[in-house]
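Please look through the sequence and the structure shown here before reading on. The paragraphs that follow go through strands, then helices, and then the place where two chains meet.

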Amino acid sequence: MSDPSTGKEAAAERPEGDIPKHLTRRQMLLTVAGVGLNAIAGVLFAAPIIGYLLAPAGRKQIKKDIEWLSLGDLTQFPAGETRLATYRNPDVRPWDGDTGNIPCWVRCISAGQFQVFAINCAHLGCPVRWFPQSGLFMCPCHGGAYYADGARASGPPPRGLFQYDYKIQNDQLWIKAGQMPTLANPPSMVDANQPKGRSCA
Amino acid sequence: MRLIRRLGEWLDQRLQLGKPIHDALSHPVPRKSASWAYVFGSASLTLMILQFVTGLCLAFVYVPSANEAWNSLQVLNHEQSFGWFIRALHGWGSNFMIALVLMHMIQVFLFGAFKFPRELTWIVGVFLLLMTLVMAFTGQVLRFDQDAYWGLGIGASIMGRVPFIGSHLVHLMLGGPIIASATLSRFFAIHVFLIPGALIAFVGVHLLMVLKLGINEWPMPGRVVKRETYLKEYHELTHKDGVPFFPDAFRKDLVFSGLIILALVLCAAYFGPFGPKGQPDPTNVHAMPVPDFFFLWLFAALALLPPQMETFLLLVGPPVVIGLLILLPLVSGTGEKSWRRRPVAMLALLLIVVALAALTQLGTYTPWSPDMDAWSSIPVPKKLLEGRTPLELQGAVLIQAKQCRDCHSLGGGGGLRGPALDDVAVRLTADQLIRQILQGGGNMPAYGKNLSPAETTALVAFLKTLHPAGQRPATDAALLNTASTPHGGVDKTGH
């Protein structure tokens with residue numbers, strides 16, 4: 001058995017994974033070294049790739065995306081009207097072009113009192129359109145409709161329109177935004193369909 | 001001639017591919033399987049190769065950047081020679097490919113070809129179908145227009161319904177917090193590198209198994225598949241009554257693929273490329289997003305699912321359907337192959353085809369969506385205005401101005417979201433009309449806050465005139481009983 005040549009032959013005939021008995025010390029070392037080195041190399045190679053691919057979904061990254069953003073002078077939003085406003089995606093890249101401009105609906109209830117609605121329907125994210133004549137927001141995709149205060153009026157949406165938290169500073173309207181509103185990422189907990197009591201911070 | 005043969009021999013001595021290729025081409029197939037029913041798989045493969053060629057051509061010009069993608073498509077459509085044609089070939093090729101893959105799948109299901117020993121061929125085929133659909137969706141995203149932008153919004157919103165990790169999934173899908181260039185770049189990588197690479201690998205395995213296991217024999221009622229005897233029976237069938245795949249069965253594949261390519265070229269030349277539609281500018285809120293043809297059924301289903309069950313069905317439905325497709329050959333891997341002896345399977349197939357076709361048909365005219373321009377573009381039909389009082393005419397003005405027509409049609413024009421109003425006076429009394437308008441209900445928003453009492457009176461006065469000639473308007477039974485004359489005189493509008 002100690003004859004290296006017979007050891008080699010026996011190992012060659014055996015199916016993989018069933019090697020240990022007839023391995024020489026040298027073969028054993030090489031196998032361990034080979035598997036071990038590749039395991040370490042594999043982890044060193046793969047870990048950054050996984051980190052790279054998952055980077056946009058990291059918790060820290062998601063928190064960092066939310067900022068106070070200005071929608072412009074208060075004078076743009078007369079009392080009793082609902083108007084389209086735009087903010088620039090804070091995470092914008094130079095080659096984003098027009099997709100960096102994100103719209104939202106600003107309803108000025110009375111001087112200093114606002115509701116800022118996401119453009120995205122609470123059902124599946126399509127752009128809702130405001131109709132002052134009938135006082136409704138309507139969605140072009142699956143027929144969702146909302147009242148002027150964002151409460152669900154009809155159709156498939158499971159809740160009222162998403163609302164952004166807002167503040168007034170230096171005669172400008174600011175909202176806390178920076179990510180696409182979805183049921184998993186509502187910009188604030190305010191929902192016109194929920195009983196009052198909760199309020200924006 | 002001798003030179004070519006010597007060159008061939010020189011190459012084969014080194015490559016050693018001659019014998020395997022010869023064996024593959026001459027493998028015997030059952031005589032009856034050299035049939036027109038068996039041509040869809042090879043045609044799908046042909047189309048995939050064409051998609052690779054046209055896709056590569058498009059990649060020479062296309063720019064995967066949110067700011068430039070739409071413009072580069074305009075260059076392809078209008079400036080680059082034959083750019084429009086290559087785009088048309090690629091877009092129509094995608095439709096053709098989904099259609100043929102589905103036909104191939106239906107044929108395999110009908111003929112019981114997924115049964116022993118071809119279970120894994122079917123399972124790999126299910127993944128090929130899924131990849132084809134992913135290619136179609138990601139391809140629609142690369143045509144970076146309004147539809148693509150809001151299609152991504154729908155995708156992200158579905159991800160956002162996943163419990164616990166929904167937020168992370170949305171960011172992962174978009175490559176950031178909001179739809180932007182990062183989103184387009186990752187869909188480009190998926191469409192151009194990831195899935196095509198996987199497609200090549202999976203098609204290779206799929207074809208290898210077709211060669212190793214042989215083409216399914218024509219199913220005969222009563223010829224039952226048993227694990228113990230099938231391989232022997234198949235061997236006898238192919239060797240006693242078989243024909244070589246090349247050229248006997250190959251001829252029909254050749255003719256059909258040729259016809260498909262011709263049809264594709266004609267479609268592309270006649271209909272031209274798909275879009276792009278409006279620029280992907282999210283601040284243009286006049287977008288009316290519609291998915292491509294093969295996703296219309298899904299679009300319709302998303303509008304029609306009961307809201308309470310929607311999240312559950314969206315998240316549980318797809319894994320269940322895919323799971324069932326994968327389990328099918330494992331659960332029903334033996335037994336009858338003939339469709340004549342598999343009534344449940346045939347009914348299930350019929351049900352699925354009818355359901356998908358019906359949903360697709362609904363998706364082409366989206367009756368659940370308001371027609372957002374109806375109020376300003378489709379007038380009240382003239383004959384409904386003749387001989388009306390000023391109050392009623394004021395109501396007719398309001399029915400336009402308050403956008404009732406976006407959801408309700410008159411004389412065949414207007415939205416289909418709510419019922420047509422041509423005979424509303426037959427269905428509802430004046431009091432019921434007022435209640436319905438002010439309080440809404442049954443999917444109609446309440447207009448109480450948006451109509452003054454005078455406006456409501458005018459609107460109802462007009463609606464009370466809307467009944468077909470010869471049908472009396474609805475009257476309040478309680479009032480009818482107290483009235484002195486049998487015909488009531490209750491109808492205050494006098495119609």
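As you follow along, keep in mind that this is a predicted model. A good place to begin is chain A, where strand S2 and strand S3, which covers residues 101-110, pair in the antiparallel sense over seven bridges. To see one of these pairings residue by residue, find Ala85(A), whose bridge partner in S3(A) is Cys104(A).

This pair belongs to a wider arrangement, for S2 and S3 are part of an open sheet of four strands in chain A, which has the order S2-S3-S4-S9 and antiparallel pairing. At the edges of this sheet lie strand S2 (82-88) and strand S9 (163-164) of chain A, each of which pairs on one side only.

Other strands of chain A can be followed in a similar way, starting with strand S1 (residues 67-73), which pairs with strand S11 (residues 172-177) in the antiparallel sense over six bridges. Within this pairing, Ser70(A) stands opposite Trp174(A), a residue of S11(A). Strand S11(A) also has strand S10 (residues 166-169) of chain A as a partner, and these two pair in the antiparallel sense over four bridges. Here the bridge partner of Ile168(A) is Leu173(A) in S11(A). What do S10(A) and S11(A) form together? They form a hairpin with two residues between them, and Asn170(A), which lies in the turn, has a positive phi of about 55°.

Chain B can be approached through its domains, since it is divided into domain 1, which spans 25-365, and domain 2, which spans 374-482. Taken over C-alpha atoms, the centres of these two domains of chain B are separated by 47 Å.

Two pairs of helices in chain B show how helices can pack against each other. In one pair, the axes of helix H3 (residues 40-59) and helix H5 (residues 83-110) of chain B come within 9 Å and cross at roughly 155°. Because angles over 145 degrees count as roughly antiparallel, H3(B) and H5(B) are roughly antiparallel to each other. The crossing in which H3(B) passes H5(B) is left-handed, and the contact between these helices has 14 nonpolar, 10 polar and one charged residues.

In the other pair, the axes of helix H7 (residues 146-159) and helix H8 (residues 166-174) of chain B come within 8 Å and cross at roughly 155°, and H7(B) and H8(B) are therefore roughly antiparallel to each other. Is the crossing of H7(B) and H8(B) left-handed or right-handed? The crossing of H7(B) and H8(B) is right-handed. On the side of H7(B), the contact is made by Gly155(B), Ala156(B) and Met159(B), while H8(B) brings Gly166(B), Leu169(B), Val170(B), Met173(B) and Leu174(B). By class, the residues of this contact of H7(B) with H8(B) divide into six nonpolar, two polar and no charged.

Finally, the two chains can be viewed together, with 50 residues of chain A in contact with 51 residues of chain B. Several elements of chain A each supply at least two residues of the side that touches chain B, including helix H3 (59-65), S2, S3 and strand S5 (129-131). Which element of chain A gives the most to this side? That element is S3(A), which gives three residues to the side of chain A that touches chain B. The residues of this side of chain A divide into 25 nonpolar, 19 polar and six charged.

Conventions: Residues numbered from 1 in each chain as written. Chains lettered and ligands numbered in written order. Predicted model: local features only at pLDDT ≥ 70, side-chain atom pairs only at ≥ 80, totals over all residues. Domains from an automatic or database assignment. Pairing = 2+ DSSP bridges. Axes fitted to C-alpha atoms, helices over the stretch in contact; angles between N-to-C directions. Parallel < 35°, antiparallel > 145°, perpendicular 65-115°, else oblique. Left-handed = near helix turned anticlockwise from the far one by under 90°. Nonpolar A, V, L, I, M, F, W, Y, C, P; charged D, E, K, R; others polar. Contact = placed C-beta atoms within 7 Å.
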